[in-house]
Amino acid sequence: MKAGDLTIALSVFAIACSDYEVKSTNGANADLSGDGTPEISVSPVSISFPSLDASSGLNATEVVIVTNVGDADLHISDIYLEDDTGPFSLNAISSPLLPPAGTAQFAVTFAPTTAASNIGIAHIESDDPVRPVVDISLNGIGVAPIIDITPNAYDFGTLYIGCNSEQYLTISNVGTAELIISNFGFSTASPDIAFDSLESSNGPLPWSLQPNQTLDVSVAYNPYDEVSDQAFLTVTSNDPYTPDVLVTQEGTGEIFNENQDQFEQPIKGSTDIIFAVDRSCSMDEDINNVQNNFGTFVNTLADMDADYHVAATVEDDGCINGPDLFIDNSFSASDATGTITTMINLSGSYGMNTEAAFALLEECLAESVSSNGCNAGLIRDDAKLALVGISDEQEQSPGYSSNSNYWQTYVSLFQSLKSNPDDLVIHAIGGDAGTGCGNNDPYTGMIEAANATGGLFLSLCATDWGAHLEALAEGSAADLSSFPLTDYPVPETIVVKINGITTTVGWEYNSSINSVDFDTDYIPEGGSTIDVDYAVYGNCSQ
């Protein structure tokens with residue numbers, strides 16, 4: 001080779017080497033074929049947001065930078081979240097076309113709505129042939145209260161009318177911040193379902209529940225008809241995601257049984273009243289008080305239009321003294337006073353039972369119920385029976401000294417004479433309970449019997465005997481205002497009809513004696529028919 005040829009060859013080689021080095025300095029993405037290649041670079045590829053109070057509406061934003069590190073235009077075709085239902089959001093990229101070395105940006109925002117550890121992924125799609133999709137991991141914690149109510153729907157099922165079922169609803173804070181309960185909204189078309197916030201134990205609203213704390217409220221169901229019932233409870237709190245939570249309750253009533261009691265109001269109320277009088281000498285003044293005011297007693301009975309028999313028993317054999325077996329409404333007040341004086345026979349001697357009213361009454365009634373007894377006709381089957389004991393000593397019938405409850409035996413005996421035990425009442429006139437009064441001992445035994453039968457206790461030390469005997473007459477006369485029911489009703493289902501016409505006023509159900517009682521101005525007239533319809537309680541334990 002000639003020297004000139006070598007020089008030319010070295011020059012060509014030098015030029016070739018120089019071209020290669022220039023191309024190689026463009027980087028690893030150099031297009032050796034002469035066509036450029038885009039290459040995407042993203043920063044950052046992982047974002048951890050600060051913890052945020054979700055209830056305050058706070059949010060945090062981070063900017064993502066996208067760079068084209070290739071030597072051809074980079075086209076961004078899409079940016080999107082893998083799950084767009086979470087607390088993360090994206091705004092549009094500033095430019096979908098990036099020339100070589102060009103940049104664009106977009107923002108990622110974290111706005112939590114409840115307490116949770118949130119994880120998300122943002123995707124960037126481009127025409128980078130090596131990495132067509134770039135992922136950005138997202139993390140953020142929301143801090144907030146979360147309300148939970150258990151059960152959120154409750155069915156009481158089918159209950160017998162009159163039965164009651166209670167269900168507790170547990171309100172919990174399952175979040176990470178303080179939960180404030182500010183209001184309850186309870187709505188129902190039925191009075192059979194009732195809500196109770198239990199403020200006696202929970203206190204008044206607003207309530208504060210720390211994380212993992214619970215409180216109970218109550219919903220009760222007491223059906224009074226066979227209609228299906230439904231109720232809705234809305235609980236309002238500072239839970240930012242569900243500030244109003246609705247829970248439901250439902251149930252259905254079922255009638256166990258129905259009953260109808262029928263009554264016919266008598267023209268007059270019949271009452272048989274028997275006084276058992278202690279005739280011992282210490283009783284002289286008290287007996288005179290009874291006799292001197294007896295006119296008030298019979299006049300009160302007459303004003304009540306009562307059909308009455310009145311007698312006094314003082315003899316051990318139980319027989320009534322005098323020609324008249326009883327005083328009735330044919331007697332004038334003066335005649336009645338004279339007759340009761342004869343029956344008591346203050347001037348005569350007295351027997352061993354004079355301070356034993358129960359024993360006197362037992363013998364008197366035995367002679368009354370016997371067809372050939374000396375008192376036959378004194379008491380009547382359909383009349384109320386009122387027994388009155390009068391003494392200044394303790395009641396001393398057999399059994400009193402050995403058994404403090406001996407009086408119960410006599411009460412049961414006297415009640416057995418009536419088909420309805422409530423038709424017996426016992427009254428006591430004697431010394432005050434516990435301490436007595438004046439020279440009078442407590443009328444122990446008779447006072448207990450009066451209390452047990454709904455009778456009156458009248459003190460021997462009272463000064464107004466007229467008022468005493470007036471009260472006694474009113475407490476002894478047959479009660480035409482009260483109608484005992486044969487079964488126990490669901491009170492809210494009671495329907496009262498007088499002569500076939502429903503009435504809603506002037507009466508009430510008396511649960512203590514299981515009766516329908518009329519107010520004085522609404523007592524049905526004599527001869528009226530009274531129908532009482534009602535639902536009967538079922539077995540509420542089933």
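# Disulfides and the largest pocket

Author: With the bonded cysteines of the chain numbered in sequence order, the pairing runs 1-6, 2-3, 4-5. This is a predicted model: local features need pLDDT of at least 70, side-chain atom pairs count only at pLDDT 80 or more, and totals for chains, interfaces and linings use all residues. Residues are numbered from 1 along each chain as its sequence is written, and side-chain values use heavy atoms, with hydrogens and water left out.

Reader: What makes Cys163 and Cys540 a disulfide?

Author: The rule asks for a pair of cysteine sulfur atoms within 2.5 Å. The sulfur atoms of Cys163 and Cys540 are 1.9 Å apart, so the pair qualifies. By this rule the count comes to three disulfides.

Reader: Why is the disulfide of Cys163 and Cys540 called left-handed or right-handed?

Author: The torsion about its S-S bond is about -85°, so the link is left-handed.

Reader: Which parts does the pair Cys163 and Cys540 tie together?

Author: Cys163 sits in the loop between strand E12 (153-160) and strand E13 (165-173), and Cys540 in the segment after strand E31 (529-536), so parts 377 residues apart in sequence are tied together. Helices (H or I, at least four residues) and strands (E, at least two) are DSSP runs, numbered from the N terminus.

Reader: Why is Cys163 called buried, and what is Cys540?

Author: Buried means under 20% relative accessible area, exposed over 50%, and partly exposed in between (1.4 Å probe, protein chains only). Cys163 has 3%, so it is buried. Cys540 has 39%, so it is partly exposed.

Reader: How do you know that Cys319 is joined to Cys374?

Author: Their S to S distance is 2.1 Å, so the pair meets the cut-off. With -105° about the S-S bond, this link is left-handed. Cys319 lies in the loop between strand E22 (307-313) and helix H5 (333-344), and Cys374 in the loop between helix H6 (357-369) and strand E23 (384-390), 55 residues apart. Cys319 is partly exposed at 21%, and Cys374 is partly exposed at 37%.

Reader: What makes the disulfide of Cys437 and Cys461 right-handed or left-handed?

Author: The sulfur atoms of Cys437 and Cys461 are 2.0 Å apart. The torsion about the S-S bond is about 100°, so this disulfide is right-handed. Cys437 counts as buried at 12%, whereas Cys461 is partly exposed at 36%.

Reader: Why is Cys281 too far for a bond?

Author: The closest cysteine sulfur, in Cys461, is 17 Å from that of Cys281, so the distance is too far for a bond. Cys281 is exposed, with a relative accessible area of 60%. Cys364 is in no disulfide either; its nearest cysteine sulfur, that of Cys374, is 7.5 Å away. Cys364 counts as buried at 0%.

Reader: What makes a space a pocket, and what volume has the largest pocket?

Author: On a 1 Å grid over the protein atoms alone, a pocket is an open set of points with protein on both sides within 12 Å along at least five of seven lines, whereas in a cavity a 1.4 Å probe fits but cannot get out. The volume of the largest pocket is about 890 Å³, counted as the space filled by probe spheres set on the points.

Reader: Which residues line the largest pocket?

Author: Lining residues have an atom within 4 Å of a point. The lining holds 33 residues, with Asn420, Asp422, Asp423, Asp479 and Ser482 nearest the centre. Strand E26 (482-484) is among the elements that give two or more residues. The largest share, three residues, comes from E26.
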